[in-house]
Amino acid sequence: MSLISGDGNFLGVEWNTWQVIGWLGNIAFFSRFFVQWYASEKQKRVVVPVAFWWLSLVGSMLLLLYALFYRRDSVFIFAYGFTWIPYIRNLMIHSNAKNGETKCAACDVRSPISARFCANCGAALKTGNPDKS
Ligand SMILES: [Zn+2]
């Protein structure tokens, strides 16, 4: 049995562009759990990598488009209608924190803005925050 039949069906199901968009959304949304899990296992503590928020944003936007223009289902639209707000806010916070990183003068490794000492070499960091100087 072939996966794609003569009439263009895949796995015996008829596909259209909106279903492909919906499934891409599902894949992005579902894969974020593995990305987050992998990052936490790797660092041996619970972390949320920036890729998690990007996958969340892309996945929820694709599913929202699917719900709005294909399913036209109010329950489905509501489920994805507002989730983008914390995703974008988390990406903004991440971006601000990254821009606020302090570069160690001794080894050039970047540390979070709140750090007082370099995590790499232990040198005291000069931060822009007057409370920390
Ligand atoms: Zn350093």
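Me: Before we look at this predicted model, what makes a set of grid points a pocket, and how is its volume defined?

Reply: A pocket is an open set of points with protein on both sides within 12 Å along at least five of seven lines, and its volume is the space filled by probe spheres set on the points. By that reckoning, the second largest pocket holds about 180 Å³ of space.

Me: Thanks! Which residues line the second largest pocket?

Reply: Its lining consists of His-94, Ala-97, Lys-98, Glu-101, Pro-112 and Ile-113. A lining residue has an atom within 4 Å of a point.

Me: How do you know which domains the lining of the second largest pocket draws on?

Reply: Domain 1 spans 1-99 and domain 2 spans 101-133, and each gives at least three residues to that lining. The bounds themselves come from an automatic or database domain assignment.

Me: What makes up the lining of the second largest pocket in terms of nonpolar, polar and charged residues?

Reply: There are 3 nonpolar, 1 polar and 2 charged residues. Lys and Glu count as charged, so Lys-98 and Glu-101 of the lining fall in that class.

Me: And how much space lies in the largest pocket?

Reply: The largest pocket offers about 330 Å³. Among the residues lining it are Arg-45, Trp-53, Asn-90 and His-94. Elements giving two or more residues to this lining are α1 (17-43), α2 (50-71) and α4 (84-99), and α4 supplies the largest share, with 4 residues. By class, the lining divides into 8 nonpolar, 3 polar and 1 charged.

Me: On to the helices: why is α1 called roughly antiparallel to α2?

Reply: Happy to explain! The two pack at an angle of about 155°, with their axes 8 Å apart. Angles over 145 degrees count as roughly antiparallel, so α1 is roughly antiparallel to α2. Their contact involves 16 nonpolar, 9 polar and 1 charged residues.

Me: What makes the crossing of α1 and α2 left-handed?

Reply: The term applies if the near helix is turned anticlockwise from the far one by less than a right angle. α1 passes α2 in just such a left-handed crossing.

Me: How do you know how α2 runs relative to α3?

Reply: α2 and helix α3 (residues 74-81) pack at about 155°, their axes 9 Å apart. With the cut-off at over 145 degrees, α2 is therefore roughly antiparallel to α3. The crossing of α2 past α3 is left-handed.

Me: Finally, why is α2 called roughly antiparallel to α4?

Reply: Their axes come within 9 Å and cross at roughly 150°. Set against the cut-off of over 145 degrees, that makes α2 roughly antiparallel to α4. α2 passes α4 in a left-handed crossing.

Notes
Residues are numbered from 1 along each chain as its sequence is written. This is a predicted model: local features need pLDDT of at least 70, side-chain atom pairs count only at pLDDT 80 or more; totals for chains, interfaces and linings use all residues. Side-chain values use heavy atoms; hydrogens and water are left out. On a 1 Å grid over the protein atoms alone, a cavity is a set of points where a 1.4 Å probe fits but cannot get out, and a pocket is an open set with protein on both sides within 12 Å along at least five of seven lines; lining residues have an atom within 4 Å of a point. Axes are lines fitted to C-alpha atoms, for helices over the stretch in contact, and angles run from 0 to 180 degrees between N-to-C directions. Angles under 35 degrees count as roughly parallel, over 145 as roughly antiparallel, 65 to 115 as roughly perpendicular and the rest as oblique.
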